[in-house]
Amino acid sequence: MQFMLLFSRQGKLRLQKWYVPLSDKEKKKITRELVQTVLARKPKMCSFLEWRDLKIVYKRYASLYFCCAIEDQDNELITLEIIHRYVELLDKYFGSVCELDIIFNFEKAYFILDEFLLGGEVQETSKKNVLKAIEQADLLQESQNEDWGGYSEDIL
């Protein structure tokens, strides 16, 4: 996978993960082009399209589009499954995920993505294992916050 973009029906970018080195200018250009292209497509159209020398695979869930760019020889159906698995992970973690969850908890959305995909490749196929790793990270973060809270009381 080259990159993944999450954007709203209004074209607002909510999350972007790049697995290839590109300049910020090029990323912005690609994002603008792809968002316009995907949003212009009719709902009944195929979720795959050829774009430049890549294949674009996208799926809409409620108000968000999940869009991935893959190489020509990569499998579109597996990419569609990767998108779906990521949505399932978000859904499990947030409990019926919505666009606002991603807006206000974008760092968690990135963390979940990083536990699932690494370098554009599926790192862990088990939803249970991904969620367990996220749960452990949450517990660690909570304990660190509690520790920090203790120090702040001593200062005051």
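What is the mean pLDDT of the protein chain, and what share of its residues reach 70 or more? The mean is 89, and 93% of the residues get to 70 or more. Keep in mind that this is a predicted model. The protein chain has five helices and seven strands, and a search of the whole structure turns up eight salt bridges. Here's a quick tour, by topic.

**Overall layout**

- Going along the sequence, the elements come in the order β-β-α-β-β-β-α-α-α-β-β-α.
- The C-alpha trace spans about 60 × 30 × 30 Å along its principal axes.
- The protein chain has 156 residues, and 35% of them count as buried.
- If you take the contacts with a separation of 6 or more, 48% of them are between residues 24 or more positions apart.
- The accessible surface adds up to about 9,700 Å², and carbon and sulfur atoms account for 51% of that.
- On the charge side, there are 22 positive and 26 negative charges, and the mean positions of the two sets sit 10 Å apart.

**Where to trust the model, and where to go easy**

- Among the elements, strand 1 (residues 3-8) has the highest mean pLDDT, at 97.
- Helix 5 (residues 127-155) is at the other end, with the lowest mean pLDDT, at 73.
- Over residues 152-156, pLDDT stays under 50, and the model shows zero contacts there beyond four places in sequence.
- Where pLDDT is low, the predicted coordinates shouldn't be read in detail.

**Salt bridges between distant parts of the chain**

- Side chains of opposite charge can pair when their charged atoms come close.
- Take Arg14 and Glu99: their side chains meet in a salt bridge at 2.8 Å, N to O. This pair links distant parts of the chain, with Arg14 in strand 2 (residues 13-18) and Glu99 in helix 3 (residues 99-104), 85 residues apart.
- How exposed are the two partners? Arg14 is partly exposed, at 26% relative accessible area, while Glu99 counts as buried because its relative accessibility is 14%, which is under the 20% cut-off.
- Glu76 and Lys55 also meet through their side chains, in a salt bridge at 3.1 Å, N to O. Here Glu76 sits in helix 2 (residues 76-94) and Lys55 in strand 4, so distant parts of the chain, 21 residues apart, are linked.
- Glu76 is partly exposed, with a relative accessible area of 23%, whereas Lys55 counts as buried at 10% relative accessibility.
- The side chains of Lys127 and Glu88 form a salt bridge too, at 3.3 Å, N to O. Lys127 lies in helix 5 and Glu88 in helix 2, so the pair ties together parts that are 39 residues apart in sequence.
- For this pair, Lys127 is partly exposed at 28% relative accessible area, and Glu88 is partly exposed at 23%.

**Arg52 and Ala62: positive phi in loops**

- Most residues other than glycine have a negative phi.
- Arg52 goes the other way: its phi is positive, near 55°, and it isn't a glycine.
- You'll find Arg52 in the loop between strand 3 (48-51) and strand 4 (54-61).
- Arg52 counts as partly exposed because its relative accessibility is 44%, which lies between the 20% and 50% cut-offs.
- Arg52 also has charged partners: Glu26, Glu33 and Arg52 are linked in a network of salt bridges.
- Ala62 has a positive phi as well, about 55°, although it is not a glycine.
- The place to look for Ala62 is the loop between strand 4 and strand 5 (64-71).
- Ala62 counts as exposed because its relative accessibility is 67%, and the cut-off for exposed is over 50%.

**Val97, a loop residue between two helices**

- Val97 is in the loop between helix 2 and helix 3.
- Is Val97 buried, partly exposed or exposed? Val97 counts as partly exposed, with 22% relative accessibility.
- Leaving out residues up to four places away in sequence, Val97 touches Leu90, Asp91 and Ile102.
- The C-alpha atoms of Val97 and Gln10 are separated by 18 Å, and the two residues are 87 residues apart along the chain.

Methods: Residues are numbered from 1 along each chain as its sequence is written. This is a predicted model: local features need pLDDT of at least 70, side-chain atom pairs count only at pLDDT 80 or more; totals for chains, interfaces and linings use all residues. Side-chain values use heavy atoms; hydrogens and water are left out. Helices (H or I, at least four residues) and strands (E, at least two) are DSSP runs, numbered from the N terminus. Buried means under 20% relative accessible area, exposed over 50%, partly exposed in between (1.4 Å probe, protein chains only). Contact means heavy atoms within 4.5 Å. Accessible areas come from the Shrake-Rupley method with a 1.4 Å probe; for residues, only the protein chains shown count as cover. Lys and Arg count as positive and Asp and Glu as negative; His and the chain ends are not counted. The place of a charge is taken as NZ of Lys, CZ of Arg, CG of Asp or CD of Glu. pLDDT is the predictor's confidence in each residue, from 0 to 100. A salt bridge is a side-chain nitrogen of Lys or Arg within 4 Å of a carboxyl oxygen of Asp or Glu.
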